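Here are my notes on this one, in numbered points. Have a look at the model first, then read on.

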Amino acid sequence: MVKMLDTAYRLKLVPADPDDFNSVPTWQNVRSFRCAYRSISASENVRAGRDAGNTGLRIFYDPRMVSFDLGDKVRVNGKDYDIMYIPERSHSVTATYIDTKAVQ
């Protein structure tokens with residue numbers, strides 16, 4: 001069992017207001033959640049068909065508490081990560097993970 005002792009944040013893109021010339025799209029925190037995480041190894045990236053040099057995290061979380069869409073970002077320890085992989089959702093799972101890569 002994974003102990004989820006860290007806090008992360010689901011970020012969602014809020015588009016710019018088309019009526020306001022100075023408005024810009026922003027990433028806003030829409031949900032905090034408890035998690036555990038570790039670095040993704042180069043061999044794990046290669047097996048998944050990704051660039052071995054990608055630096056990212058595998059973030060473990062409870063899918064009953066938060067859900068993700070491709071295009072979302074996650075903030076862990078003040079650093080933002082793009083979501084690369086979300087496993088298919090199962091209602092019987094109490095812990096699952098997403099794979100991320102560091103935002104450049």
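1. Of the 104 residues in the protein chain, 32% count as buried; buried means under 20% relative accessible area, exposed over 50%, and partly exposed in between (1.4 Å probe, protein chains only). Keep in mind that this is a predicted model, where local features need pLDDT of at least 70, side-chain atom pairs count only at pLDDT 80 or more, and totals for chains, interfaces and linings use all residues. Residues are numbered from 1 along each chain as its sequence is written, and side-chain values use heavy atoms, with hydrogens and water left out.

2. Overall layout: the protein chain has 1 helix and 6 strands, in the order β-β-α-β-β-β-β from the N terminus. Helices (H or I, at least four residues) and strands (E, at least two) are DSSP runs, numbered from the N terminus. The C-alpha atoms fill a box of roughly 50 × 30 × 25 Å along the principal axes. Among contacts (heavy atoms within 4.5 Å) between residues at least 6 apart in sequence, 53% join residues at least 24 apart.

3. Now the strand pairing, where two strands pair if DSSP finds at least two bridges between them. β1 (residues 6-14) runs antiparallel to β2 (residues 26-39) over 9 bridges, and β1 also pairs with β4 in the antiparallel sense, over 4 bridges. R10 is a handy marker here: its bridge partner in β2 is R31, while in β4 R10 stands opposite V74.

4. Carrying on from V74, its bridge partner in β5 is Y81, and β4 and β5 pair in the antiparallel sense over 4 bridges. β5 is also antiparallel to β6, over 4 bridges, with Y85 standing opposite D99 in β6.

5. Which residue has a positive phi although it is not a glycine? That is N77, at about 50 degrees. Most residues other than glycine have a negative phi. N77 lies in the loop between β4 (73-76) and β5 (79-85), and the hairpin of these strands has 2 residues between them. With 62% relative accessibility, N77 counts as exposed.

6. The largest nonpolar core has 14 residues, and F33, I59, F68, V74, V76 and I98 touch the most other members. Such a core is a set of buried Ala, Val, Leu, Ile, Met, Phe, Trp, Tyr and Cys residues joined through side-chain atoms within 4.5 Å. β2, β3 (57-61), β4, β5 and β6 (96-102) each supply at least two residues of this core, and β3 gives the most, with 3 residues. Leaving out residues up to four places away in sequence, V76 touches A8, Y37, L57, I59 and Y81.

7. Over in β1 sits T7, which is partly exposed because its relative accessible area is 31%. Not counting residues up to four places away in sequence, T7 touches S32, F33, R34 and C35. T7 and N22 make a good distance check: 15 residues apart in sequence, they are 33 Å apart in space, C-alpha to C-alpha.

8. Last, charges. The protein chain carries 15 positive and 13 negative side chains, and the centres of the two sets lie 9 Å apart. Lys and Arg count as positive and Asp and Glu as negative, without His and the chain ends; the place of a charge is NZ of Lys, CZ of Arg, CG of Asp or CD of Glu.
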